[in-house]
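Please open the model in a viewer and keep the selection panel at hand. The tour proceeds by selections, each followed by a description of what is found there.

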Amino acid sequence: ADAARLPGFHTCVGSGGEKLLPEWYTEKGIELILSTEIVKADLASKTLTSAAGATFTYETLLIATGSSTIKLTDFGVQGAESNNILYLREIDDADKLVAAMQAKKDGKAVVVGGGYIGLELSAALKINNFDVTMVYPEPWCMPRLFTAGIAHFYEGYYASKGINIVKGTVASGFDADANGDVSVVKLKDGRVLDADIVIVGVGGRPLTGLFKGQVEEDKGGLKTDTFFETSVAGVYAIGDVATFPMKLYNEPRRVEHVDHARKSAEQAVKAIKAKESGESVAEYDYLPYFYSRSFDVAWQFYGENVGETVLFGDNDPAVAKPKFGTYWVKDGKVIGVFLEGGSADENQAIAKVARAQPPVADVEALGKEGLDFATKI
């Protein structure tokens, strides 16, 4: 198993920035304080207190606390505190996972959850020669984004790679061996799975607790304006914790994705700098974007996944070079597009469509036209 691509993965690299090694901060005159947990924030007096009792004062505060992992121990699931029941959120989690994979080489892995973490980690474990079973309660994987037609491809593709998929049930308990290492996953439907490693990906929660009752909240996040400033002047919030006005759909939204984390950070910093210099900044005009890569497949999605869906291309999991997608049509316009196997130009074309929201006269014809509709826009 290759160790995680960390700390080679830096938040800004994906948007064309430099790697943010400790030296980078020093060179830029930024004081970087690590291993310091802030346990109290008092926005009225502009002070932060650390676990060690140190006090920090600020003029401008940028909240980038992200999300915390939802754990099975939060719900008192029996045996959920056993060793090798792992989560993936931070570098430490990645290190723990790599260590467990080395200790339980070629063993049995059970992945709980059918979203991003579940799908990407199942592929990584399979590539590293684990016997993999995925378990999730929904009727198909990635239900927040995928339609049944999209999921049909990925479930079939994963099955062809030897991944066992168990749907419509959840993990209700775990047994451990004499060392306290997880050995069995008990499912709610009565089935029992042997396991050497269990990885749980059942979602996250925005980390807003420090600011409760001090700023306006909306949709589970801290409410901000288009510059990511909260209801308290000089206090900004970005990424997972921010509920911001999404211009394209004219309503407040909260987005959990690295793309928005990067772009909201850039917008907030531009706004803070502009305020100092008296200049103005354009409104944040975000187009929702999600993507994933696993095995030899890679998909991208732009826009909104609501309305009537139109599947195009061949979603047969057995096809040699898969290329298929889905349009979402609402009020006679295409507002979202998903594409598997797209080239760089094709992916750019579907992004344009989601942004432009072109009208569609005939939904049936759209399915036949498929990707050509997007490449002509």
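Which residue is the bridge partner of Ala-171 in β11? The partner is Leu-187. The model in view is a predicted one.

**First selection: residues 171-176 and 182-187**

These two stretches are β10 and β11. They run antiparallel and are joined by five bridges. Add residues 192-194, which form β12. The three strands make an open sheet in the order β10-β11-β12, and the pairing is antiparallel. β10 and β12 are the edge strands, each of them pairing on one side only. From one strand to the next, the twist averages 25°.

**Next selection: the domains**

Colour the protein chain by its three parts. Domain 1 comprises 13-62 together with 206-277, domain 2 covers 72-202, and domain 3 covers 296-376. The centres of domain 1 and domain 2, taken over C-alpha atoms, are separated by 32 Å.

**Next selection: residues 91-103**

This is helix α2, with 13 residues. From its first C-alpha to its last it reaches 18 Å, close to the 18 Å expected at 1.5 Å a residue. Show the side chains of Asp-93, Ala-94, Leu-97, Val-98, Ala-100 and Met-101, which are the buried residues of α2. They lie on the same side of α2, because the arc they cover around the axis is only 165°. Turn to the other side of the helix, where Lys-96, Gln-102 and Ala-103 are exposed. To see what covers the buried residues, display among others β6 (85-86), α3 (116-127) and β13 (197-200).

**Next selection: residues 108-112 and 131-136**

The first of these stretches is strand β7, and the second is strand β8. Four of the five residues of β7 are buried, so this strand is largely enclosed by the rest of the structure. β7 pairs with β8 in the parallel sense, over five bridges. A useful pair to label is Val-111 and Met-134, since Val-111 stands opposite Met-134 in β8.

**Next selection: residues 258-277**

Here is helix α5, with 20 residues. Its end C-alpha atoms are 29 Å apart, which agrees with the 28 Å that the helix should span at 1.5 Å a residue. The buried residues of α5 are Asp-259, His-260, Arg-262, Ser-264, Gln-267, Ala-268, Ala-271, Ile-272 and Ala-274. They pack against four strands that may be displayed alongside: β4 (61-63), β17 (235-237), β18 (242-246) and β20 (289-294). At the end of the helix, select Gly-278, which follows α5 and has a positive phi, near 75°.

**Last selection: the sheet that contains β18**

Which order do the four strands of this open sheet take? The order is β15-β16-β18-β19, with mixed pairing. β15 (217-218) and β19 (251-254) stand at the edges, each with a single partner strand, so one side of each is left without a neighbour in the sheet. Between β18 and β19 the pairing is antiparallel, over four bridges. Label Pro-245, which stands opposite Pro-252 in β19.

Finish at Thr-243, which has its place in strand β18. Is this residue, Thr-243, buried or exposed? With 0% relative accessibility, Thr-243 counts as buried. Leaving aside neighbours within four places in sequence, Thr-243 is in contact with Asp-218, Lys-219, Gly-221, Leu-222, Lys-223, Thr-224, Pro-252, Arg-253 and Arg-254.

Definitions and conventions
Residues are numbered from 1 along each chain as its sequence is written. This is a predicted model: local features need pLDDT of at least 70, side-chain atom pairs count only at pLDDT 80 or more; totals for chains, interfaces and linings use all residues. Side-chain values use heavy atoms; hydrogens and water are left out. Two strands pair if DSSP finds at least two bridges between them. Axes are lines fitted to C-alpha atoms, for helices over the stretch in contact, and angles run from 0 to 180 degrees between N-to-C directions. The expected span of a helix is 1.5 Å times one less than its number of residues. Buried means under 20% relative accessible area, exposed over 50%, partly exposed in between (1.4 Å probe, protein chains only). The arc is that of the directions from the helix axis to the C-beta atoms. Contact means heavy atoms within 4.5 Å. Domain bounds come from an automatic or database domain assignment.
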